[in-house]
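The following paragraphs go through the structure shown below. They begin with a term and then move from the sheet to the helices and the charged pairs.

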Amino acid sequence: MKPLTRNILLASMGLLLAAALITLVSISNRSRKDVLCNGVKISVSSDSLGVLTEKDIQDFMTLHVTPSTHKPIADINLTEIESQLSEMPLVATVECYIDNKDYLCVEVSEMIPMMHVYGGNHDYCVDIDAHQMPTPSKLREGVATVDGTNVSLQFATGDLFDLISYIHQNGWSHEFTEFRVGAGNKVSMRSNLYGYWVAFGVPEGIARKFDKLARFRKSVPDHTKYKEINLDYYGQVICK
């Protein structure tokens, strides 16, 4: 076969293949637009509090989200649904997708509280990402409680959050879960192990102060006789 003839033949075959591919894509897109959503599957993260239920999500979607069942999949706006569900109290994250059986899948995780601030005019929680959240109907064990009479939201989600985060991350959370905040944002925390209060002062030099507390306890075995251990002063521990 002459080169010119072979080139013309190859070019013709390429055009035929391209046309076939375009036709297949067109048919696929047209058929996909005709596919209807078979329903909604909802799941709530197992790491969550267990306050939100699948029924809660379904009820919220019934009131605030355009129904998806029997709606063309191509017309379902997943981003919009995620945005709407994100407005639901206690919801931390939402992910929506269409599975291989043409169901709308909604996966939700709850906000996880780190501290509960109460007292005065306060009753709210701060979650593990330092965001304010409503107080849920039940709190998991180990959530810090904070007398909120003198606590601003800025302090609760800032320096106080840093202190309680350090406590959780460094093995002190079994001992310190009850906190009070006094004038000048000075923090006191009660030892669940020994019953006395530790006057921590403002939440700065956090690692240094906990190291000082540990060294003090090691050097003073009968520290349990005191009612208060004061760490607020640099280089010394004052006991009452």
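Strands, as the word is used here, are DSSP runs of E of at least two residues, numbered from the N terminus. The model is a predicted one. Strand β7 has two faces: Ala144 and Val146 are on the covered face, while Thr145 and Asp147 are on the uncovered one.

Confidence should be noted before going further. The chain has a mean pLDDT of 87, with 85% of its residues at 70 or more. Residues 22–30 are a stretch where the pLDDT is below 50, and beyond near neighbours in sequence this stretch makes 0 contacts in the model.

Where does β7 sit in the sheet? The open sheet is formed by 9 strands in the order β6-β5-β4-β7-β8-β9-β10-β11-β12, with mixed pairing. Its edge strands, each paired on one side only, are β6 (132–133) and β12 (238–239). In that order β7 stands between β4 and β8. With β4 it runs parallel, and 4 bridges join the two; the residue of β7 that is the bridge partner of histidine 116 is threonine 145. Pairing between β7 and β8 is also in the parallel sense, over 3 bridges. Here threonine 145 stands opposite glutamate 178 in β8.

Further along the sheet, β9 (residues 187–191) and β10 (residues 197–201) run antiparallel and are joined by 4 bridges. One residue to look at is serine 188, which lies in β9 and stands opposite alanine 199 in β10. Is serine 188 buried or exposed? Its relative accessible area is 18%, so serine 188 is buried, the cut-off for that class being under 20%. Apart from neighbours within four places in sequence, its contacts are Glu178, Phe179, Arg180, Trp197, Val198, Ala199 and Phe200.

Two helices lie across parts of this sheet. Helix α5 (residues 159–169) lies across β4 (113–119), β5 (122–127), β7 (144–147), β8 (176–181), β9 and β10, and runs at about 130° to β4. Helix α6 (residues 206–219) lies across β8, β9, β10, β11 (228–230) and β12, at about 145° to β10.

Helix α2 (residues 54–64) can be read by its two sides. Its buried residues are Ile57, Phe60 and Met61. Why do they lie on the same side of α2? They cover an arc of only 100° around the axis, which puts them there. An α-helix has 3.6 residues a turn, so residues three or four places apart point the same way. Among the elements that cover the buried residues of α2 are β1 (40–44), α3 (78–85) and β3 (104–110). Lys55, Thr62 and Leu63 are exposed on the other side of α2.

Lysine 55 leads to the charged pairs. Side chains of opposite charge can pair when their charged atoms come close. How many salt bridges does a search of the whole structure find? The search finds 8. In one of these, lysine 55 pairs with aspartate 59, with 2.8 Å between the closest N and O atoms. Both residues lie in α2, 4 residues apart, about one turn of the helix. Lysine 55 is exposed at a relative accessible area of 56%, whereas aspartate 59 is partly exposed at 34%.

Another salt bridge is formed by aspartate 232 and lysine 186, whose closest N and O atoms are 3.1 Å apart. This pair links distant parts of the chain, 46 residues apart: aspartate 232 is in the loop between β11 and β12, and lysine 186 is in the loop between β8 and β9. Aspartate 232 counts as partly exposed at 23% relative accessibility, and lysine 186 is partly exposed with a relative accessible area of 43%.

Glutamate 228 forms a salt bridge with lysine 240, and here the closest N and O atoms are 3.8 Å apart. This pair also links distant parts of the chain: glutamate 228 is in strand β11 and lysine 240 is in the segment after β12, 12 residues apart. At 22% relative accessibility glutamate 228 counts as partly exposed, while lysine 240, at 61%, counts as exposed. Elsewhere, salt bridges that share partners join Lys186, Lys209 and Asp232 into one network.

Technical notes. Residues are numbered from 1 along each chain as its sequence is written. This is a predicted model: local features need pLDDT of at least 70, side-chain atom pairs count only at pLDDT 80 or more; totals for chains, interfaces and linings use all residues. Side-chain values use heavy atoms; hydrogens and water are left out. Buried means under 20% relative accessible area, exposed over 50%, partly exposed in between (1.4 Å probe, protein chains only). The arc is that of the directions from the helix axis to the C-beta atoms. Contact means heavy atoms within 4.5 Å. Two strands pair if DSSP finds at least two bridges between them. Axes are lines fitted to C-alpha atoms, for helices over the stretch in contact, and angles run from 0 to 180 degrees between N-to-C directions. A salt bridge is a side-chain nitrogen of Lys or Arg within 4 Å of a carboxyl oxygen of Asp or Glu. pLDDT is the predictor's confidence in each residue, from 0 to 100.
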